[in-house]
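Student: Please take a close look at one helix of this model and at the aromatic contacts that go with it. I should like a connected account rather than a list.

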Amino acid sequence: MFPLYEVRRIWINQDKHMYTLWKDLIQKAGLSPDEEVDYTVGVFIGEKLVATGSYQENILKCLVVCKEYQSENFLTKLVVHLLGELQMKGITHTFVYTKPGNKAIFYSLGFREILSTETVLFMEQGTPNLSSYLSMLSELNHSENASAIVMNANPFTKGHLFLVQQAAKVSSHVYVFVLSENRSEFSFTDRLAMVKAGVSQIANVTVVPTENYIVSSLTFPTYFLKDQAPLELARIQAKVDALLFKEKIAPPLSITKRFVGEEPYSEVTEVYNQAMKEVFNNEIDLIVLPRLAIEGNIVSATKVREALKQKNQALLKQFLPESSYDYLKKKFRGE
């Protein structure tokens with residue numbers, strides 16, 4: 001007999017009892033309760049939580065159904081509910097972060113695969129999608145054996161410029177990917193503008209947005225948590241992000257090298273560098289350059305942000321290229 005059930009929202013950040021039920025269910029499925037979520041729903045039989053699903057922004061995640069109820073179509077009911085909530089917010093481009101065994105269900109709901117590994121499946125529904133992003137990249141292809149740099153540029157410093165300059169010297173063409181996520185002190189619009197201004201005099205460089213497909217809330221959410229990120233979870237996500245870059249992003253641009261800077265400060269960024277080295281496996285050369293130091297002081301965006309708070313003009317002029325310094329000066333003066 002079909003069990004009587006109820007689908008209702010659960011407040012895992014406010015209700016300790018519900019959080020415990022949710023956490024137990026999530027962990028039994030091998031998922032992490034440390035995932036960031038904005039909205040969570042549960043399927044209850046009586047007071048027993050038998051299935052749950054969440055979303056963060058436009059990403060479905062933490063989708064779990066108890067083994068004894070997996071024949072009851074609860075996963076579909078959860079996804080339909082979550083999609084309905086997102087559609088009421090005007091969100092029609094949706095991603096899902098789930099297990100490979102769920103592919104058929106999501107395919108039937110209009111999702112298409114982005115990337116699949118032994119443990120993780122990424123799919124999306126709606127447009128613009130990965131296919132349209134890759135088509136845009138293909139139109140930018142300038143040459144064979146190109147190089148790539150991925151940066152947040154929060155803000156764009158002389159260290160970032162140094163990395164681009166070094167890559168440009170030994171590459172036929174360099175694609176500088178700027179993180180599209182607005183989860184930093186400076187907006188994507190500001191960061192993109194600073195990067196474009198900073199590299200404008202280097203002929204063989206093209207600046208490209210990452211959209212949702214490189215170091216984003218979809219592929220690598222723990223990147224934005226920095227020191228608060230669980231490192232084991234960061235390793236898993238970093239490998240997925242690196243695999244997506246190798247298999248999907250690099251081919252349409254003929255990218256054979258990726259340049260990164262050494263990372264003496266952020267453990268998460270260092271985890272990312274190690275993940276790329278492992279995943280690329282010499283199919284893409286990972287070139288790690290020493291961080292730029294000026295008068296013995298390593299240049300970093302973190303130091304620049306602190307200098308901005310302290311209005312330390314001397315350090316700002318030392319660490320920022322003239323283009324970034326002028327941009328930020330106008331920005332903060334409202335010119």
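Tutor: In this predicted model, helix α7 covers residues 231–249, which makes 19 residues. From its first C-alpha to its last, α7 reaches 25 Å, close to the 27 Å expected at 1.5 Å a residue. The buried residues of α7 are L233, A234, Q237, A238, V240, D241, A242, L243, L244, F245, K246 and I249. An α-helix has 3.6 residues a turn, so residues three or four places apart point the same way.

One of the buried residues of α7, F245, deserves particular attention. The face of its ring is covered by R258, which lies 4.5 Å from the ring centre. A comparable arrangement occurs elsewhere: the charged end of R8 sits over the ring of F44, at 3.8 Å from its centre.

The aromatic pairs place F245 in a wider setting. The count of such pairs comes to 13. One of them joins Y39 and Y55, which are stacked, with 5.1 Å centre to centre and 5° between the planes. Y39 belongs to strand β2 (residues 39–45) and Y55 to strand β3 (residues 48–56), so this pair ties together parts that are 16 residues apart in sequence. Y39 is buried, its relative accessible area being 7%. Y55 also counts as buried, at 4% relative accessibility.

The pair that involves α7 is formed by F177 and F245, and its geometry is edge-to-face: the centres are 6.2 Å apart, with 80° between the planes. This contact links distant parts of the chain, since F177 lies in strand β9 (residues 174–178) and F245 in helix α7, 68 residues apart. Both F177 and F245 are buried. Thus F245 pairs with F177, while R258 lies over the face of F245. Apart from these pairs, one aromatic cluster is made up of F220, Y223, F224 and Y272.

A final point concerns covalent links between cysteines. A disulfide is a covalent bond between the sulfur atoms of two cysteines. The structure holds zero disulfides. C62 takes part in none, and the nearest cysteine sulfur, that of C66, is 15 Å away. Seen from C66, the closest cysteine sulfur is that of C62, and because the separation is 15 Å, it is too far for a bond. C62 is buried, with a relative accessible area of 5%, and C66 is buried too, at 12%.

Conventions:
Residues are numbered from 1 along each chain as its sequence is written. This is a predicted model: local features need pLDDT of at least 70, side-chain atom pairs count only at pLDDT 80 or more; totals for chains, interfaces and linings use all residues. Side-chain values use heavy atoms; hydrogens and water are left out. Helices (H or I, at least four residues) and strands (E, at least two) are DSSP runs, numbered from the N terminus. The expected span of a helix is 1.5 Å times one less than its number of residues. Buried means under 20% relative accessible area, exposed over 50%, partly exposed in between (1.4 Å probe, protein chains only). Rings of Phe, Tyr and Trp (its six-membered ring) pair if their centres lie within 6.5 Å; planes under 30 degrees apart count as stacked, over 60 as edge-to-face and the rest as tilted. A charge sits over a ring if NZ of Lys or CZ of Arg is within 6 Å of the ring centre and within 35 degrees of the ring normal. A disulfide is a pair of cysteine sulfur atoms within 2.5 Å.
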